[in-house]
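Hi everyone, thanks for coming. Please have a look at the structure on the screen, and I'll walk you through a few spots in it.

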Amino acid sequence: ILTIDATVQQAAEESLERIIEKVRKSVSKTCQAGSVLAMDVTNGEILAMASAPSYSPNIFVGGISNDDWEALQSEQSANPLMNRAISGQYPSASTIKPLSTFAALDNGIATLEDEWTCTGWWTGFGQASGQYCWKQSGHGVMGLKSGLTYSCDVVFYEIGKGFFESDEPEAFQAKLREWGLGSVTEIDLPGEGVGRVPDADWKWNYYTEADDVDRQWKGGDFTNLAIGQGDLLVTPIQMACAYAGIAMGGSQWRPHVLRSIRSRTGTGSVIDYEPQLLREVEEDRSYQNVVRDGLEGAVYEESEWIASHFSNMKERVAAKSGTGEQVGKNPVAWYVAYAPADNPRYVVAATLEDATWGSGSAMYVVRDVLGALFGEPDDVMVAISDLQVAD
């Protein structure tokens, strides 16, 4: 007996297919892959898990033909055999920013009272090493809460710089690993990806063909890490567990699809799955509050368009979008949400490969799945757009 909810699973599969098709027709002709999963944050039960493109398992009955096998393995098919929800490894983009916030607060890199001015162009390492905020016109004065709500890159560049100049720079990576990045969740399915939390040793050993100067860990590596770009890789199941931990005050339950195994005789079961605590992350309550408030603000304050898709629910939602840059491809779109914000029950994480802005694509998939979970479908028109909304 599985934990999968058939109604939520159907909504996940149908929404993922529909939104990928809309993105492909409007802003990215090469978008054909993605994933979405929904999990109960109180016990780790996977209620839905969908990966696209899919395939019919019937082709394996009686042995698969060479032509069918080659078709499944071809580049044009986008590897339908891979379960992207647990095996897809991507730059997290701005979905990492809550964890960057915890890292900064826990290590004295930032305080709850700190503020920074975003002009759209950051020169903390000098003009020659300047970096743009996604909003090139600037956000103005930002603190940690507003930095999360409006996804201001400058706030997180300052965090990256602070770690680079600190006595314990890799405390940043240690915090990401504490929240579960760079390790498997031990979900009861095969093929789970590990992801990657890059550090100075990894960079030196990975870029062996570069000169010694370029193999060194630099300030820009930290500013990239703080906004989830560069060499960081995460899986959707890792981010779902991390956001479940945020929702539950640091408690992450091991994700699982097995509920029980029936007895061969009678109506009982021989095995009933017992929920297992995956990890417990200790964070100051005031730090938790600023992160949760920032994520709730990202739904209802950052954009009227985003808010319109969630204001039609009775339950409040907390979420973060992300747009992971890829060399030679369109971005990986992210959206991760938990709800109700004040008494969390579910987390939903969606990714679309070679797509567009996270809040302009993956957000719609998450909203559809939340609609199925709470019986409150979205009644606002879906308008896939390549407008630069906050990520």
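Let's begin with A333, which stands opposite L352 in strand 13. Please keep in mind that this is a predicted model. A333 belongs to strand 12, residues 332–339, and this strand runs antiparallel to strand 13, with 7 bridges joining them. Strands 12 and 13 form a hairpin, and 6 residues lie between them.

Strand 13 has another partner too: strand 1, residues 33–40, pairs with it in the antiparallel sense over 8 bridges. If you'd like one pair to look for there, find V36, which stands opposite A350.

So which residues of strand 13 are buried on each side? On one side they are Y346, V348, A350 and L352, and on the other V347, A349, T351 and E353. That makes 8 of 8 residues buried in this strand, which spans 346–353.

Next, over to helix 11, residues 236–247. From first C-alpha to last, its 12 residues reach 16 Å, close to the 16 Å expected at 1.5 Å a residue. How many of the residues in helix 11 are buried? The count is 12 of 12, and among them are P236, Q238, C241 and Y243. Just after the helix, do click on G249, because you'll find a positive phi of about 70° there.

My last stop is K320, in strand 11, residues 318–324. Is this lysine buried or exposed? K320 counts as buried because its relative accessible area is 2%, under the 20% cut-off. Its side chain makes a polar contact of 3.0 Å with the side chain of S151.

Thanks, and I'm happy to chat afterwards!

Notes. Residues are numbered from 1 along each chain as its sequence is written. This is a predicted model: local features need pLDDT of at least 70, side-chain atom pairs count only at pLDDT 80 or more; totals for chains, interfaces and linings use all residues. Side-chain values use heavy atoms; hydrogens and water are left out. Helices (H or I, at least four residues) and strands (E, at least two) are DSSP runs, numbered from the N terminus. Buried means under 20% relative accessible area, exposed over 50%, partly exposed in between (1.4 Å probe, protein chains only). A polar contact is a pair of N or O atoms within 3.5 Å; within protein, one must be able to donate a hydrogen and the other to accept it, and residues adjacent in sequence count only if both atoms are side-chain atoms. The expected span of a helix is 1.5 Å times one less than its number of residues. Two strands pair if DSSP finds at least two bridges between them.
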